[in-house]
Amino acid sequence: MPLRSRLFWGVLAFKLLLGTFFASHYLRELFIPFVNYYVLSGYQDPYQHFVAQGRTDLFPYNPLMLYALAIPRQLFSALLPGGVETVSFGHLLVFRLPLLACDLAILSVLLSWFPREKSRVLWLYWCNPLVVYICYWHGQLDIIPTALFLCALASLRQERYRGAALWFGIALATKAHLLAAAPFFFIYIAQKKGWQSTTRYAVIALASLVIFLYPFAAHPAFRQMVFGTEESRRLLALQLPVGGNGGQGILITPLVILLLCVRFFCYPKRNWDLLLVYLSLVFATLVLLVPPRPAYILWSLPFLITVLCRQPRKYGLPYALLIVGYFLNFLLGPQSDLLDALKLVAPGLAAQQQSFLAPLLHSSLWPSLSFTVFEAGLAGVMLSNYLFGLRSNQIYQERNRPVLIGLAGDSGSGKDTLTFGIEKLLGAEQLEVIAGDDYHKWPRGHESWNTYSHLDVRANNLHQQVEHALALASDNTIYKPHYDHATGRFTEEQPVAPKPFILFQGLHSLSLLQLRALYDLRVFLDPQEDVRRLWKVQRDKAERGYTTEQVLAQLDKRTADREKYILAQRELADLIISWRTLEPLQPGDYDSNPALCLHIQALNSFDFSGLVELLHTAGIVIRQYEPFLDGRWQVLELEGTIASTTLAELAAQLIPNPDELSANFHFEEGLEGCVQLLFLLCFSSRLKVAQWMTPPSH
């Protein structure tokens, strides 16, 4: 929450001021008397009480909405004048408190989705004139179900499916229009968790709905006031007659929502942006095709704003037209309460409501014209959102094979460390690692190792690795042994099933053209040589029981093979990662932990400009940045430290549709996390449709 923002506090004070003094007859004469009776009667059934009086239009909402308003009414009862029909400034303020709480909840969710767009979210939502008018002038309650549904979506975004289902059931217990969103909500979950799990989550939502409806659902008075009113019949108002005199017809609004649902279901993949866009379309359809009430636009407003926050500002024109059309229709049209809301402040002026609007309302053209402008703005926003959703959902091509990554580097260069970092990004359940050591020709101690080193391509079954890569790329299971470093022996052959992402990691992962052609991204690790030797000594002493002299002798013996077989792969990579010392290492010191900087050489087709700017803002020192070192390469060198949480925020800013790559990115601290972020940026760039259609040829 932007607690330091003057804009936030100024608008908050303005909303409280409006909410204390102004309200339409809906709040003054319907909602407040209904809740007053419920609290003052000791929680007797208010639906039955008012239906018996013939007042069936007071509160067309489910019981949870009643509870939400009754709690502050009870808490402040001692400060409010008595009487069921009594309405004072204190009543208006107390009844606005739940609306304000939900207003703040929506703001909090939007800010969590757009941590780098706080100012834009404040202007687009917190200062939104539609929210101010509907909640704090007019006095409608629809922000409550909207906020609860947004909480359900916030849980869904965090992969907390039980919580999302529970919140959704609670939201349904406030207003039934959210049923229109249910198919989209659960189709999205089914894509992530499967239909069997989704059924369980739907049961959770249904159970929470039933629990809140149970005290009143069996009463005829409740059903009459909530489901038997003009409000509930508006959904079926627009019909297309079919046939003769049989009375059959097509219900236009349910038909359009059903078609949207079918279209959403038929997408091969559905990302987060597409879900929000379709939810905005569903709720906007209810406004576009149903004779709207002033508060209906609130249902889709947060979703419209999420799209606006992702688009350039020039796309705000239809949204501006929507706001203008809304106020022309609802402030200067038949449903206006422009002066009526002043009744407690200026009763005489409020009495002039009809005479004030008479010149417009007596015109045969104005009501239709103002409504047309509003509908045109809404239709324009819907079209803009739909096109955005299509573009967003097509950023990454729908694939019919796993994504393959090649990671190569000399022994001790940090391959296992980077593999672990990639696994934390993409998720162990999504990533299959194929170790190059599994393709050694002989176990440890075999006499052939006296002739060949592990770095020699002739000591490895690389062509078998190609066959396995082809099989996995075709989504087929392979069978291969695993090289056990603890024993130096190979295990029995084991099945390896393809996962969405497959990482080939080893000494020679980029050596063969056939392998390189299969990879979506090629990475080579090339730390400064004395740094690599330091790491190699420290690792082999700690994990393999070697002495320093044994490790150094092995390194010296392999020097020729390193230059011939390993370093030759460097120029074949898309991304070269190198660690370099800030100060020269002392010769013979293999126990130190020197300060390092990160040196990156990458194809200049990757755009690092936004990353460099954000890292610099976050405190990372940019030692060097040459976006076009030559016709192929760019160079970036970094120094400093950065928190893992900051890196996660930068990833959300830089990576489009990150949920399509992983449910949740986990970053290391410092420059190790920067390596992860650079990998993720290159990986995302390579998987975009435009990049995939024209892969580099080397």
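**Notes on the predicted model**

1. A good place to start is Y326, which is buried, with a relative accessible area of 0%. Please keep in mind that this is a predicted model. The ring of Y326 pairs with that of F330: the centres are 4.6 Å apart and the planes stand at 45°, so the pair is tilted. Y326 and F330 are 4 residues apart in helix 17, and about one helical turn separates them. In an α-helix there are 3.6 residues a turn, so residues three or four places apart point the same way. F330 has a relative accessibility of 1% and counts as buried, because the limit is under 20%.

2. Y326 takes part in a further contact. The structure holds 49 aromatic pairs, and one of them joins Y133 and Y326, whose ring centres are 6.0 Å apart. Their planes meet at 75°, and since angles over 60 degrees count as edge-to-face, that is the class of this pair. The pair connects distant parts of the chain, with Y133 in helix 7 (residues 129–138) and Y326 in helix 17 (residues 317–330), 193 residues apart. Y133 is buried as well, at a relative accessible area of 5%.

3. Elsewhere, ring pairs build a cluster from F31, F34, Y37, Y47, F50, F59, Y61, F216, F222 and F227. Have a look at two charged side chains over rings, too. The charged end of K15 is placed over the ring of W126, at 3.5 Å from its centre. R263 lies over the face of Y267, and here the distance to the ring centre is 3.8 Å.

4. Helix 5 makes a nice check on geometry. This helix covers residues 89–113, 25 residues in total, and at 1.5 Å a residue it should span 36 Å. The C-alpha atoms at its ends are 36 Å apart, so the expected span and the model agree. Helix 5 also has a kink of about 30° at L97, shortly before the proline P98.

5. Helix 5 turns up again at the second largest pocket, which holds about 1200 Å³ of space. The lining of this pocket counts 43 residues, and those nearest its centre are W113, R157, R310, A652 and P658. At least two lining residues come from each of helix 5, helix 8 (143–157), helix 15 (272–289), helix 20 (366–393) and helix 28 (644–654).

6. Two residues deserve a glance at their backbone. E159 is not a glycine, yet its phi is positive, at about 65°. E159 belongs to the loop between helix 8 and helix 9 (161–172) and is partly exposed, with a relative accessible area of 26%. N657, not a glycine either, has a positive phi of about 50°. N657 sits in the loop between helix 28 and helix 29 (670–687), and it is buried, at 5% relative accessible area.

7. For a sense of distance, take L331 and P656: they are 325 residues apart in sequence, and their C-alpha atoms are 40 Å apart in space. L331 is in the loop between helix 17 and helix 18 (347–350), and at 16% relative accessibility it counts as buried.

8. Finally, the overall picture. The protein has 30 helices and 14 strands, and 53% of its 698 residues are buried. Its C-alpha trace spans about 100 × 60 × 50 Å along the principal axes.

How values were computed
Residues are numbered from 1 along each chain as its sequence is written. This is a predicted model: local features need pLDDT of at least 70, side-chain atom pairs count only at pLDDT 80 or more; totals for chains, interfaces and linings use all residues. Side-chain values use heavy atoms; hydrogens and water are left out. The expected span of a helix is 1.5 Å times one less than its number of residues. The bend at a residue is the angle between axes fitted to the seven residues ending there and the seven starting there. Rings of Phe, Tyr and Trp (its six-membered ring) pair if their centres lie within 6.5 Å; planes under 30 degrees apart count as stacked, over 60 as edge-to-face and the rest as tilted. Buried means under 20% relative accessible area, exposed over 50%, partly exposed in between (1.4 Å probe, protein chains only). A charge sits over a ring if NZ of Lys or CZ of Arg is within 6 Å of the ring centre and within 35 degrees of the ring normal. On a 1 Å grid over the protein atoms alone, a cavity is a set of points where a 1.4 Å probe fits but cannot get out, and a pocket is an open set with protein on both sides within 12 Å along at least five of seven lines; lining residues have an atom within 4 Å of a point. Grid points are joined across faces, edges and corners, and a volume is the space filled by probe spheres set on the points.
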